[in-house]
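Thanks for coming, everyone. I have one structure to show you today. Let's put it on the screen.

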Amino acid sequence: RFEVGGDWVQYQALSDQFVGNPISFITRIDPGYGLLNWIGANWFGGILFTNFAVAGIFVYGLQRFCWSLPNPALALVTAFPYLVLVVSQGYARQAAAIGLFLYLLSFSGAGSFSRYILLTCVSMTFHKTAIFVLPFSIFLTSKKSIIKIFVFMIITALISFIFHDLLFSSSINTIKIMVKNYFFDIKPDSSGAFPRLLLVGICS
């Protein structure tokens with residue numbers, strides 16, 4: 001995408017901040033998304049490389065998820081009007097995290113539990129709210145063994161401890177800012193709301 005989405009200016013400005021900075025600069029934001037920005041800003045492509053990489057993650061995850069369902073075409077048509085047109089085109093970090101989560105939903109069986117934990121941690125590097133899908137990993141195993149539940153609890157506790165400041169302290173300030181911006185300072189307006197709802201209605 002190019003000059004698409006309400007946050008385009010902010011994403012472009014963020015990408016520009018990485019020019020000439022060391023790789024450690026990625027820790028100032030979600031590190032997975034930061035790494036893509038650092039590569040784009042200092043190697044090639046700029047924000048277009050970042051968007052291309054994020055789009056690849058999202059499309060691959062969506063494709064794997066749709067193809068795992070009984071009717072892939074119906075799933076894709078249903079996802080297109082909002083998930084594809086609005087979310088993936090407007091919210092880059094969230095799109096990457098959603099793509100990874102959709103990929104997680106596409107598999108089950110041997111090794112699913114550990115793979116789910118690993119990829120959820122990766123998706124958290126794009127958007128920290130991905131931690132909230134971590135508890136669902138317990139449903140991937142039909143044998144709710146004590147060992148797996150124990151390991152799951154330990155991993156969850158460690159992640160919560162490690163990311164405490166990122167997930168809770170800073171998130172409180174972020175939530176306050178978002179509530180102020182979206183509910184008090186800005187009058188809701190979307191000229192594209194009707195056509196998007198129309199597409200959703202047709203697909204439904």
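I will talk about one pocket and one pair of helices.

A word of caution first: this is a predicted model.

Start with the second largest pocket. How much space lies in it? About 180 Å³.

Now the lining. R1 is one of the lining residues. So are L48, N51, F52, V54, A55, F58 and V59. Further along the chain, V84, S88, Q89 and A92 line the pocket too. By type, the lining divides into 8 nonpolar residues, 3 polar and 1 charged.

Which helices each supply at least two of these residues? They are α3, residues 47-67, and α4, residues 72-90. Of the lining, α3 gives the most, with 7 residues.

Stay with α3, and look at its partner α5, residues 92-105. The two helices pack at an angle of about 30 degrees. Their axes are 7 Å apart. Angles under 35 degrees count as roughly parallel, so α3 is roughly parallel to α5. The crossing of α3 past α5 is left-handed.

Who meets whom? On the α3 side we have N51, V54, I57, F58, Y60, G61, L62, R64 and F65. On the α5 side, they meet A92, A95, A96, I98, G99, L100, L102, Y103 and L105. This contact divides into 14 nonpolar residues, 3 polar and 1 charged.

One last look at some residues with two roles. N51, V54 and F58 line the pocket, and these α3 residues also take part in the contact with α5. From α5, A92 lines the pocket and is part of the contact with α3.

That's my tour. Over to you.

How values were computed. Residues are numbered from 1 along each chain as its sequence is written. This is a predicted model: local features need pLDDT of at least 70, side-chain atom pairs count only at pLDDT 80 or more; totals for chains, interfaces and linings use all residues. Side-chain values use heavy atoms; hydrogens and water are left out. On a 1 Å grid over the protein atoms alone, a cavity is a set of points where a 1.4 Å probe fits but cannot get out, and a pocket is an open set with protein on both sides within 12 Å along at least five of seven lines; lining residues have an atom within 4 Å of a point. Grid points are joined across faces, edges and corners, and a volume is the space filled by probe spheres set on the points. Helices (H or I, at least four residues) and strands (E, at least two) are DSSP runs, numbered from the N terminus. Ala, Val, Leu, Ile, Met, Phe, Trp, Tyr, Cys and Pro count as nonpolar, Asp, Glu, Lys and Arg as charged, and the others, Gly among them, as polar. Axes are lines fitted to C-alpha atoms, for helices over the stretch in contact, and angles run from 0 to 180 degrees between N-to-C directions. Angles under 35 degrees count as roughly parallel, over 145 as roughly antiparallel, 65 to 115 as roughly perpendicular and the rest as oblique. A crossing is left-handed if the near helix is turned anticlockwise from the far one by less than a right angle, and right-handed if clockwise. Contact means heavy atoms within 4.5 Å.
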